[in-house]
Amino acid sequence: MSDSLVIIPTYNEKENIERIIRKVFSLDFSFEVLIIDDGSPDGTADIVKSLQQEFKGLHMEQRVGKLGLGTAYIHGFRWALERSYEYIFEMDADFSHNPNDLLALRDACIKGADVSIGSRYVKGVNVVNWPMSRVLMSYFASMYVRLITRINIQDATAGFKCYRREVLQTIPLDKIKFVGYAFQIEMKFTAIKFGFNVVEVPIIFTDRTEGTSKMSTRIFREAFIGVIQMKVWSWFRSYKRTS
């Protein structure tokens with residue numbers, strides 16, 4: 001059994017899912033993969049089931065209905081914590097996150113990071129195939145998060161991450177409020193409030209070429225308002241580690 005689990009949430013990713021799974025299992029380090037599928041009507045789960053015959057480290061949890069990115073990851077975190085994984089990753093299915101960078105994120109945690117973030121903005125702006133409007137929205141969203149929360153993270157909305165086990169054991173997952181874009185911000189903010197070492201690792205982010213983006217105005221609105229809510233809630237919470 002590997003000490004590293006890559007959690008990949010899916011909804012209608014039949015064009016990408018086999019390629020991303022094969023790529024992760026082709027890496028020089030032996031990662032395991034957990035697919036959290038939210039009832040994809042396009043047959044994504046059936047593709048994963050067929051690949052489980054080939055890859056023993058491939059796992060899947062199926063949920064009924066599209067329940068949101070945040071709840072998918074929390075489901076995956078709890079699944080991982082019930083087992084003995086030491087390094088737990090978040091990654092998209094659409095190749096916007098390069099699986100080769102899993103090695104760099106894991107290495108950063110081995111060398112002292114508690115959370116490592118695949119960052120688009122820690123060394124300039126490293127985004128490929130996004131329209132300028134999307135780049136600016138994402139870049140200024142991270143500036144907005146830094147302004148409100150006072151956390152020094154250049155890519156606050158990044159969704160490509162590695163957590164050491166202790167971080168997910170410490171964060172009260174039942175108190176994570178957001179399910180969309182703001183989920184990624186809330187997890188970073190909470191980890192920092194608990195005093196964990198969060199490190200950004202430069203990556204190149206490439207927009208999907210297959211399938212459909214899940215971004216929407218509603219998700220962006222949740223993040224905009226949620227950052228303020230998050231900051232206010234933090235005034236009334238304790239971030240003392242129990243162990």
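The following conversation takes a visitor through a predicted model, with its sheet, a pair of helices and its nonpolar cores as topics.

Visitor: What makes the sheet open, and in which order do its strands lie?

Guide: The order is β3-β2-β1-β4-β7-β5-β8, with 7 strands and mixed pairing. β3 (58-62) and β8 (198-202) each have a single partner strand, so one side of each has no neighbour in the sheet. Those two strands are therefore its edges. On average, neighbouring strands are turned by 20° against each other, direction ignored.

Visitor: What makes the pairing mixed?

Guide: The sheet holds parallel and antiparallel pairs. β1 and β2 run parallel and are joined by 6 bridges; Ile8, for instance, has Ile35 in β2 as its bridge partner. β1 also pairs with β4 in the parallel sense, over 4 bridges, and there Ser4 is matched with Tyr87 in β4. β4 (residues 87-90) and β7 (residues 161-164), however, are antiparallel, again over 4 bridges. β5 (residues 115-119) and β7 are antiparallel too, over 3 bridges.

Visitor: How do you know that β4 and β5 count as partners of β7?

Guide: A pair needs at least two bridges. β4 and β7 have 4, and β5 and β7 have 3, so both pass that cut-off. Tyr163 of β7 appears in both pairings: Ile88 has Tyr163 as its bridge partner, and Val115 stands opposite Tyr163.

Visitor: Why is β2 called largely enclosed?

Guide: A residue is buried if its relative accessible area is under 20%. In β2, 6 of the 6 residues meet that condition, so the strand is largely enclosed by the rest of the structure. Glu32, Leu34 and Ile36 point one way, while Val33, Ile35 and Asp37 point the other way, and all are buried. In a regular strand, side chains alternate between the two faces of the sheet.

Visitor: Which strands do helices α2 and α3 touch?

Guide: Helix α2 (residues 44-52) packs on the sheet and touches β1, β2 and β3, its direction making about 150° with that of β3. α3 lies across β1, β2, β3, β4 and β7 and runs at about 150° to β1.

Visitor: Why is α3 called oblique to α7?

Guide: Two packed helices are described by the angle and the distance between their axes. The axes of α3 (residues 69-81) and α7 (residues 181-193) come within 7 Å and cross at roughly 45°. Roughly parallel would need an angle under 35 degrees, and roughly perpendicular one of 65 to 115. The crossing angle therefore makes α3 oblique to α7.

Visitor: What kinds of residue make up the contact of α3 with α7?

Guide: They divide into 6 nonpolar, 2 polar and no charged. From α3 come Leu69, Gly70, Tyr73, Ile74 and Phe77, which meet Phe183, Gln184 and Met187 in α7. Gly counts as polar.

Visitor: What makes a group of residues a nonpolar core?

Guide: Its members are buried nonpolar residues joined through side-chain atoms within 4.5 Å. The largest such core has 41 residues, and those with the most contacts inside it are Ile7, Phe77, Ile171 and Met187. Elements that each supply at least two of its residues include β1, β2, α3 and α8. The largest share, 7 residues, comes from α7. Leaving out residues up to four places away in sequence, Ile171 touches Ile176, Met187, Thr190, Ala191 and Phe194. Apart from this core lies another, of 29 residues, among them Ile8, Met91, Leu105 and Val201.

Note on methods:
Residues numbered from 1 in each chain as written. Predicted model: local features only at pLDDT ≥ 70, side-chain atom pairs only at ≥ 80, totals over all residues. Heavy atoms only, no water. Axes fitted to C-alpha atoms, helices over the stretch in contact; angles between N-to-C directions. Parallel < 35°, antiparallel > 145°, perpendicular 65-115°, else oblique. Contact = heavy atoms within 4.5 Å. Buried < 20%, exposed > 50% of the residue type's maximum accessible area, 1.4 Å probe, protein only.
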